[in-house]
Amino acid sequence: MTVQTISTQTIPVHDGATIHPGWVRIGHWINAIAMIVMIGSGWQIYNASPLFDFTFPRGITLGEWLGGALLWHFAAMWLLVVNGIVYVTLGLVTGRFRRKLLPIYPSDVLHDVGAAFTGKLSHDNISVYNSVQKLLYAGVLLAGAVAVFSGLSIWKPVQFQELTALFGGYDFARYVHFAAMACIVGFLVVHVTLAILVPTTIKAMVVGK
Amino acid sequence: MKKRLIIPGVDQKLLIKDAAKLLPNPSRRLFLRGAASLGALTILTGCDIVDEDSAENVLRYVSTFNDRVQAAIFQPQKLAPVYPESMVTKPFPFNAYYSEDEAPEIDGESYKLEVAGLVDNKKSWTLPELYALPQERQITRHICVEGWSAIGDWTGTRLSDFLKRVGADLTAKYVYFICKEGYSNTIDMPTALHPQTLMVFKFGNEILPRRYGYPACRPSSATRTPSTLSPWR
């Protein structure tokens with residue numbers, strides 16, 4: 001009689017198949033550049049009229065002053081939005097989002113968070129996302145969408161006044177926009193840290209495997 | 001005292017009053033030094049990814065493109081929300097690149113509004129003549145390019161009415177304002193003709209105080225971000 005252990009799933013580590021198709025990788029890095037520009041210039045714009053009792057140190061902002069930052073922000077927004085539309089459309093149409101990001105169960109998330117902090121979370125197969133990853137990737141997509149739409153409502157609060165009203169009016173929309181940025185930056189900190197800890201993920205996002 | 005309203009095809013300057021005070025050194029390349037923030041990427045790629053000239057050219061090109069997008073989005077008859085008097089921001093912020101007591105002092109007696117450019121009637125306007133124009137009151141939100149906003153209680157004459165009255169060429173691209181304190185600004189013609197663009201004489205039903213641009217100011221508070229309150233002095 002043999003005793004089978006089923007505590008660890010046997011998942012093929014690398015079968016040589018492509019983990020990230022080309023459109024994912026290109027979209028990911030274009031988005032990375034656009035996001036850095038949007039965040040850096042956004043911080044400079046924020047500094048012109050801070051919402052809270054702090055400003056961002058100049059060294060980490062982009063654009064040198066309000067006018068320059070606005071030029072960067074309103075240029076990179078096209079990169080962000082056009083790339084974002086292509087990325088989300090392909091993600092939905094190809095079924096990748098559904099396959100990779102769903103379903104997300106709270107119990108799994110809790111379990112995986114616990115596993116992560118006790119060092120038991122497996123990274124053997126980076127083509128399958130754990131629940132925490134799923135939650136974060138889906139969440140940052142949502143935060144990106146909120147950032148874009150709240151940004152639109154701040155950019156054109158008269159022409160898009162219905163949208164502005166949806167975000168609670170112009171002044172409140174600025175807080176929403178800030179909160180979306182804060183979520184994205186929070187994601188970035190975790191995302192970049194973990195990618196550095198598990199470098200195979202960076203390789204996969206560059207060469208696909 | 002002297003101010004002129006000209007309507008040439010003037011290029012809109014990027015320098016914005018509200019930002020002028022943040023401007024460290026106008027002679028420096030303004031857009032790009034912050035590109036040092038992209039240092040991490042520079043290190044990763046091992047090359048200087050932001051070439052100043054080409055980046056600046058791209059930014060200018062996109063900015064021109066954005067002007068066209070904004071013009072296309074702009075709906076001439078779409079009105080900005082109006083608010084009840086109880087919601088007027090008090091005190092309304094004073095915001096300039098100079099302090100409040102440095103605001104120009106204007107002698108209302110000798111004040112003249114000069115009109116020039118593509119207009120039929122270039123006669124100057126005295127304050128009593130301006131005050132005699134038909135006026136209306138609008139309580140709208142002023143949104144500053146810096147990000148803050150405040151609800152103002154404006155009374156004045158529609159800029160569109162004034163432009164028609166002086167026989168301005170309404171197909172001109174911009175209206176150019178030259179102000180006493182040296183801050184000059186343009187607005188595009190569609191914005192100038194919007195029903196919520198006023199030549200303001202009163203704030204909260206009182207003659208415009210010096211700090212808000214006595215004797216006349218033009219808020220395009222209604223439709224423009226950046227919206228500017230350039231005092232017409």
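1. Start with A:Asn125 in this predicted model. Its side chain makes a polar contact with the side chain of A:Ser127, at 2.6 Å. A:Asn125 sits in a loop of chain A, with α4 (106-117) on one side and α5 (131-155) on the other. Is A:Asn125 buried or exposed? Its relative accessibility is 15%, and the cut-off for buried is under 20%, so A:Asn125 counts as buried.

2. Next, have a look at A:Glu64, in the chain A loop that runs between α1 (22-48) and α2 (66-93). The backbone here deserves a glance: phi is positive, about 75°, although A:Glu64 is not a glycine. A:Glu64 has a relative accessibility of 3%, so this residue counts as buried too.

3. Now the peptide bonds, beginning with chain A. A:Leu102 and A:Pro103 are joined by a cis peptide bond, with omega about -10°. As for where that proline lies, A:Pro103 belongs to the loop between α3 (96-101) and α4 of chain A.

4. Chain B has a cis peptide bond as well, running from B:Lys90 to B:Pro91. Omega for that bond is near -10°. Which elements flank B:Pro91? The residue is in the chain B loop between α3 (52-73) and β2 (112-115).

How values were computed
Residues are numbered from 1 along each chain as its sequence is written. Chains are lettered from A and ligands numbered from 1 in the order in which they are written. This is a predicted model: local features need pLDDT of at least 70, side-chain atom pairs count only at pLDDT 80 or more; totals for chains, interfaces and linings use all residues. Side-chain values use heavy atoms; hydrogens and water are left out. Helices (H or I, at least four residues) and strands (E, at least two) are DSSP runs, numbered from the N terminus. Buried means under 20% relative accessible area, exposed over 50%, partly exposed in between (1.4 Å probe, protein chains only). A polar contact is a pair of N or O atoms within 3.5 Å; within protein, one must be able to donate a hydrogen and the other to accept it, and residues adjacent in sequence count only if both atoms are side-chain atoms.
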